[in-house]
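This report describes selected side-chain contacts and local features of one protein model. The model and its sequence are shown first, and the discussion follows.

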Amino acid sequence: MKEFLADLTRTHDTNPDNARVEYALRINLIILSLFTAGSTLIALFAYLRKIILLDTLLIIALLALLSSITLFFTFRGYWQKMRLFPVTVFFLIAVYGNFVGGIGAPAMLIYVLSIVLAMQLYGRTMQYIIIAAAMLSYITIAGLHWKGVIAAPRSEASTFLNRVFIAALIMLAIGALLRFIVSQLEKSIAISRKNERELAAANEALLAANKQYERVNRDLEKSEDNFRTLFESTPIPVFLHREGIILFANQAFSQMVGEASREAVIGASIFDYIVPEEKPRVLKMAKNQQQVGDAPLADEILGIRADGKSFDCEVNIAFVMLDDGPATLVLGQDVTDRKTAEKEKERMQRQLLQAQKMEAVGTLTGGIAHDFNNMLAGIIGSLNLIELRLKKENNPANDSLEKHLETALEAAGRAADMTRQLLTLSRKSELKLAPVDVNLSLNHIRKLCQNSFPKSVGLEFRTAKEPLIVLADPVQIEQALLNLCVNASHAMTIMRSENETPGGVLTVSTERLSCDDAFRLLHPDARPGGTCVLIRVCDNGVGMDEETRLQIFDPFFSTKGQQEGTGLGLAMAYGIVTQHRGFIEVDSEPGKGSTFNVFLPAMEK
């Protein structure tokens, strides 16, 4: 039954307002159809008992028929055209009843019924129109009755039961309609109250959710503020970039790159703060970071500050996902001081190791060389006496003995020279310090080089115009510089391969330098204050790699053949320069030659 009623009251229109009117029309027509059908049967019984007149029976039967037809077309979807029917029919019946029955209650009740239907099935405009029409019709017909223009065909006595019957039916119809309207109103009020309760509950939930949202938002803002404060105040330089454009950076990063504020770096390219030579490697790092995804990547790059100065930077790179897309988070750290300290530590370790090796060799060779030098003195003295004896005898038969004697003397002389080198290396030889002009010493060395070096070795000596005076042992200083020149000559001749043409250019230059803070930053071995003399010995020989460069001052270390050197020349030069409170720096590259820079403290004028 519920499904049947649901089918009867199911609307076709999807518009909520139209669906409400269609539903009301269906309910009214169903009620009218059922009411008029039952009323027709009652009216037929009343007519047969002479209670009502025939026209009343016909009007009720006609109304039942028209209600059923209207209900049929309404179910077929023509409800908008059919809704005028009940209003019009009841209005016309009211006019007819008013005409034939005067101004009695039935006609008035039928007018009211048409007004109620108009109110339910139409808006206010149609309701006002029906009210105005009903008032006009009722007043007009009443006036015509009053003036006698229209005579009431039925008197109160003759049609009393008919009028009572019609009034009862109309009151029942109006009562049913009003009951339906009241039920709909109650239902609407119940739904409205339910909606109000639901709305109030939803509103309370919304207020609670809003409070929760506000609290979460405050917590989020506080968290963001804390994170921003932490991010901006952290001493570690941090920045965020996308495709090389800096999106965000903290103050530590702007200070690291030499900018005045964070705003100066935001929007700039990261390559503005990386030396151009590093760009290909940085692009490769970015590509590798995309491949590894979330895994962080650490490396070192050479950065450049706003003032153009470079610095060593250690970076940790991570890929992050933001609301507007992926980005790269970079944590940087200026490690220039650390790397400088590491280099200084490494240099000190090398110096300590070199000093330990020199001390060990000196300790080992010092006593032996001293005793051996005494023995050589006796041998050389005896050989000289034999040589004098043979010369006095002047015997031609002694010529072969004299040749062997010369060979022995030469060998003893070389042994004595080596002994002196060993004594110098062990620092057991006494220094005879005196003011020495380095330029004059180099003039002596140049003459020795011209007389002893191969003709394939060109000589270029560029000494300073002013005297460069150092406090030194002139013999040992010349020996150290000569050893460097000899080493350079060998690098351009005997150390070349068979496929290379021997020869090159030996360049020696001098100048005076100030030992200020900038100089000491570049040359950590320099002593503070004053000036120093630089003697630069350059060749374009075979050069050497880094591993060889770190060992060249070791005693007995040599890259020459067994018959070409003892491995003491550079070690001796290093020892002499160190004894004179100086130091030596070497720059070299395989195939391009070497440069030995000798720094000696200058005497003040």
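Is F519 buried or exposed? In this predicted model, F519 has a relative accessibility of 9% and therefore counts as buried, the cut-off for that class being under 20%.

## Aromatic contacts

The structure contains six aromatic pairs. In one of them, the ring centres of F519 and F599 lie 5.9 Å apart and the ring planes meet at 65 degrees, so the arrangement is edge-to-face. F519 belongs to helix α15 (residues 517-522) and F599 to strand β12 (residues 593-601), so this pair ties together parts that are 80 residues apart in sequence. F599 is buried, with a relative accessible area of 3%.

F599 also pairs with F583: the centres of these two rings are 4.6 Å apart and their planes lie at 15 degrees, so the pair is stacked. Because F583 lies in strand β11 (residues 583-589) and F599 in strand β12, this contact ties together parts that are 16 residues apart in sequence. F583, at 10% relative accessibility, counts as buried.

Elsewhere, one aromatic cluster is formed by F239, F253 and Y273. The residue numbered just before Y273, D272, is found in the loop between α9 (251-256) and α10 (279-292). D272 is partly exposed, with a relative accessible area of 47%. Its C-alpha atom is separated by 8.4 Å from that of A306, and the two residues are 34 residues apart along the chain.

## Salt bridges

How many salt bridges does a search of the whole structure find? The search finds eleven. Three of them are listed below with the N to O distance and the relative accessibility of each partner.

| Acidic residue | Basic residue | N to O distance |
|---|---|---|
| D334 (28%, partly exposed) | R305 (22%, partly exposed) | 2.4 Å |
| E500 (36%, partly exposed) | R496 (17%, buried) | 3.8 Å |
| E546 (46%, partly exposed) | R549 (23%, partly exposed) | 2.7 Å |

The bridge between D334 and R305 joins a strand to a loop: D334 lies in strand β5 (residues 325-334), and R305 in the loop between β3 (297-304) and β4 (310-322), so the pair ties together parts that are 29 residues apart in sequence.

The bridge between E546 and R549 is instead contained in helix α16 (residues 546-549). Because these two residues are three residues apart in that helix, they are separated by about one helical turn.

For E500 and R496, the side chains meet at 3.8 Å, which falls inside the limit of within 4 Å that defines a salt bridge. R496 is buried, at 17%, whereas E500 is partly exposed, at 36%.

Salt bridges also link E300, E314, R338 and K339 in a network.

## Helices and their surroundings

Helix α14 (residues 474-492) has 19 residues. From its first C-alpha to its last, α14 reaches 27 Å, close to the 27 Å expected at 1.5 Å a residue. The N-terminal end of α14 is capped by D473, with a side-chain oxygen 3.1 Å from the backbone nitrogen of V475.

Why is helix α17 (residues 569-579) described as largely enclosed by the rest of the structure? Nine of its eleven residues are buried, so the description follows from that count. The buried residues of α17 are L570, A571, M572, A573, Y574, G575, I576, V577 and Q579. Just after α17, R581 takes a positive phi of about 60 degrees.

Helix α3 (residues 54-75) contains L62, which contributes to a nonpolar surface patch. The patch covers about 460 Å² and is made by L62, L65, I69, F72 and F73. With a relative accessibility of 48%, L62 counts as partly exposed.

## Summary

F599 takes part in an edge-to-face pair with F519 and in a stacked pair with F583. Among the salt bridges, D334 and R305 connect parts that are 29 residues apart in sequence, while E546 and R549 are both in helix α16. Helix α17 is largely enclosed by the rest of the structure, and the nonpolar patch that includes L62 lies at the surface.

Definitions and conventions:
Residues are numbered from 1 along each chain as its sequence is written. This is a predicted model: local features need pLDDT of at least 70, side-chain atom pairs count only at pLDDT 80 or more; totals for chains, interfaces and linings use all residues. Side-chain values use heavy atoms; hydrogens and water are left out. Patches are made of residues with over 30% relative accessible area and no salt bridge: like charges are joined within 9 Å, nonpolar side chains (Val, Leu, Ile, Met, Phe, Trp, Tyr) within 5 Å. Accessible areas come from the Shrake-Rupley method with a 1.4 Å probe; for residues, only the protein chains shown count as cover. Helices (H or I, at least four residues) and strands (E, at least two) are DSSP runs, numbered from the N terminus. Buried means under 20% relative accessible area, exposed over 50%, partly exposed in between (1.4 Å probe, protein chains only). The expected span of a helix is 1.5 Å times one less than its number of residues. A polar contact is a pair of N or O atoms within 3.5 Å; within protein, one must be able to donate a hydrogen and the other to accept it, and residues adjacent in sequence count only if both atoms are side-chain atoms. Rings of Phe, Tyr and Trp (its six-membered ring) pair if their centres lie within 6.5 Å; planes under 30 degrees apart count as stacked, over 60 as edge-to-face and the rest as tilted.
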